[in-house]
Amino acid sequence: GLKPYTQHNFNIKDISMGSGIPQNHIAFYFRYHSPESFVDYRNRHRLNEAIRKIQNAEYKKKTLEGIGQESGFASRITFFNVFKKHTGMSATEYIEKLNRSPS
């Protein structure tokens, strides 16, 4: 299905338009009630998309940078930083670990 967060410019306005919830309500939610910021929320979904692609062995046909781009990260630096922050390892280390584990 369509994953709007993979669009590079995806923002709160897009959530508002897609859900019919006013932008200020969404912004208020992220500011006062969410355990994470909107950017962290968006990056977590993008990262999960990238990890799904890596687990489906798409890295054999595409670069990691390409997978990051397709998952919504406009910059490779952001992709690699978010990957490391959430998994505790680099994307390359993650792939090596994936390849070592018996499937």
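**Glu49, helix H3 and helix H5**

Reader: Is Glu49 buried or exposed?
Author: Glu49 counts as buried, because its relative accessibility is 7%. Buried means under 20% relative accessible area, exposed means over 50%, and partly exposed is in between, with a 1.4 Å probe and protein chains only.

Reader: What kind of model is this?
Author: It's a predicted model, where local features need pLDDT of at least 70 and side-chain atom pairs count only at pLDDT 80 or more, while totals for chains, interfaces and linings use all residues. Residues are numbered from 1 along each chain as its sequence is written, and side-chain values use heavy atoms, with hydrogens and water left out.

Reader: OK, back to Glu49. Which residue near the start, before H1, does it form a salt bridge with?
Author: Lys3, with the closest N and O atoms 2.9 Å apart. The two are 46 residues apart and link distant parts of the chain, Lys3 in the segment before H1 and Glu49 in helix H3. A salt bridge here is a side-chain nitrogen of Lys or Arg within 4 Å of a carboxyl oxygen of Asp or Glu. Helices are DSSP runs (H or I, at least four residues), numbered from the N terminus.

Reader: And how far apart are the closest N and O atoms of Glu49 and Lys53?
Author: They are 4.0 Å apart, and the pair forms a salt bridge. Glu49 and Lys53 are separated by about one helical turn, because they sit four residues apart in helix H3. Lys53 counts as buried, at 9% relative accessibility. Salt bridges with shared partners join Lys3, Glu49, Arg52, Lys53, Glu58, Lys62 and Glu70 into one network.

Reader: How many salt bridges does the count come to?
Author: By this rule, 11. Another one is Arg44 with Glu36, where the closest N and O atoms are 2.5 Å apart.

Reader: What about Arg42, which side chain of opposite charge is nearest?
Author: That's Asp14, but it is 7.3 Å away, and Arg42 is buried with no salt bridge. For charges, Lys and Arg count as positive and Asp and Glu as negative; His and the chain ends are not counted. A polar atom of the Arg42 side chain does lie 2.7 Å from the backbone oxygen of Phe10.

Reader: What else is Arg42 in contact with?
Author: Leaving aside neighbours within four places in sequence, Arg42 is in contact with Tyr5 and Phe10. Contact means heavy atoms within 4.5 Å.

Reader: Switching to H5. How many residues does it have?
Author: H5 runs over residues 76-87, so it has 12 residues. Its reach from first C-alpha to last is 16 Å, close to the 16 Å expected at 1.5 Å a residue (1.5 Å times one less than the number of residues).

Reader: Which residues of H5 are buried?
Author: Phe79, Val82 and Phe83. They are on the same side of H5, because they cover an arc of only 105° around the axis, taken from the directions from the helix axis to the C-beta atoms. Ile77 and Lys85 are exposed on the other side.

Reader: What do the buried ones pack against?
Author: H3, helix H4 (64-70) and helix H6 (91-100).

Reader: Last one: where does Ala57 lie?
Author: In the loop between H3 and H4. Its phi is near 60°, a positive value in a residue other than glycine. Most residues other than glycine have a negative phi.

Definitions and conventions. Polar contact = N/O pair within 3.5 Å; in protein donor to acceptor, adjacent residues only side chain to side chain.
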